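Student: Could you walk me through this structure with a few questions and answers? I'd like to see how its parts fit together.

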Amino acid sequence: MRNPVLGRVKTRLAATIGDKIALQIYQSLLLSTRQLTAGLKGISRILFYSDFINNDDEWNNSTYQKKIQVGEGLGEILKEAFNQSFREGAEKVVIIGTDCFELTENDINQAFYALNQKDAVIGPTVDGGYYLLGLTKMENSLFENIYWGTNDVFISTFKKMNAKGISFHLLPILHDVDKEADIPETLQYHVLDKD
């Protein structure tokens with residue numbers, strides 16, 4: 001999770017709507033993610049901050065273990081987050097971002113259930129990325145030589161899984177918010193009326 005700091009979040013979005021509204025939209029996405037994950041049962045939740053850990057924010061310290069992201073770029077950050085979790089004894093690890101407003105508790109539960117039968121689970125986004133990735137064992141190649149932030153992320157990951165013989169479950173294709181056209185009307189209305 002990027003720390004919600006003006007001018008540091010949703011930069012592609014901010015390029016067309018400005019830093020202030022981009023931050024407000026990001027905060028709405030964080031709220032949605034927090035509401036979604038707070039009630040999940042039977043799992044440990046780790047929140048990886050981009051720059052600094054905030055023990056006084058809205059993310060309950062007794063619900064979320066808080067850590068700092070390690071690595072340069074999204075691929076390294078994801079790889080290290082998975083590696084840390086497996087080193088600490090996790091048998092199934094599911095990582096989600098904060099940009100997918102359509103993600104539901106059922107999707108996350110389905111991801112964990114799928115990992116009972118498959119090596120991996122992935123949730124693709126309409127723009128060619130993915131909103132969720134789950135693994136039962138570490139496979140570093142899934143995070144290497146990927147052009148992050150492009151519409152080839154999902155297909156590249158899919159090809160790597162096939163090449164390595166990694167069995168996987170595919171979740172529904174969902175929308176995420178990267179640019180102005182991605183903002184759902186309900187979120188846009190809620191955010192733009194704040195001023």
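Tutor: Let's start with Y130. Leaving aside neighbours within four places in sequence, Y130 is in contact (heavy atoms within 4.5 Å) with L78, I122, G123, P124, T125, F143, W148, V153, F154 and T157. Keep in mind that this is a predicted model, where local features need pLDDT of at least 70, side-chain atom pairs count only at pLDDT 80 or more, and totals for chains, interfaces and linings use all residues. Residues are numbered from 1 along each chain as its sequence is written, and side-chain values use heavy atoms, with hydrogens and water left out.

Student: Which element gives the largest share of the largest nonpolar core?

Tutor: A nonpolar core is a set of buried (under 20% relative accessible area, 1.4 Å probe, protein chains only) Ala, Val, Leu, Ile, Met, Phe, Trp, Tyr and Cys residues joined through side-chain atoms within 4.5 Å. The largest one has 20 residues, and Y130 and F82 are among those with the most contacts inside it. Helices are DSSP runs (H or I, at least four residues) and strands are too (E, at least two), numbered from the N terminus. The largest share of this core, four residues, comes from α3.

Student: Which strands do the buried residues of α3 pack against?

Tutor: The buried residues of α3 include I77, L78 and F82. They pack against β1 (45-49), β2 (64-68), β3 (93-96) and β5 (130-135).

Student: How far apart are the end C-alpha atoms of α3?

Tutor: The expected span is 1.5 Å times one less than the number of residues. Helix α3 has 15 residues (73-87), so it should span 21 Å, and this agrees with its end C-alpha atoms, which are 21 Å apart.

Student: What is the sign of phi at G89, and near what value does it lie?

Tutor: G89 follows α3. Its phi is positive, near 105°.

Note on methods:
Buried means under 20% relative accessible area, exposed over 50%, partly exposed in between (1.4 Å probe, protein chains only).
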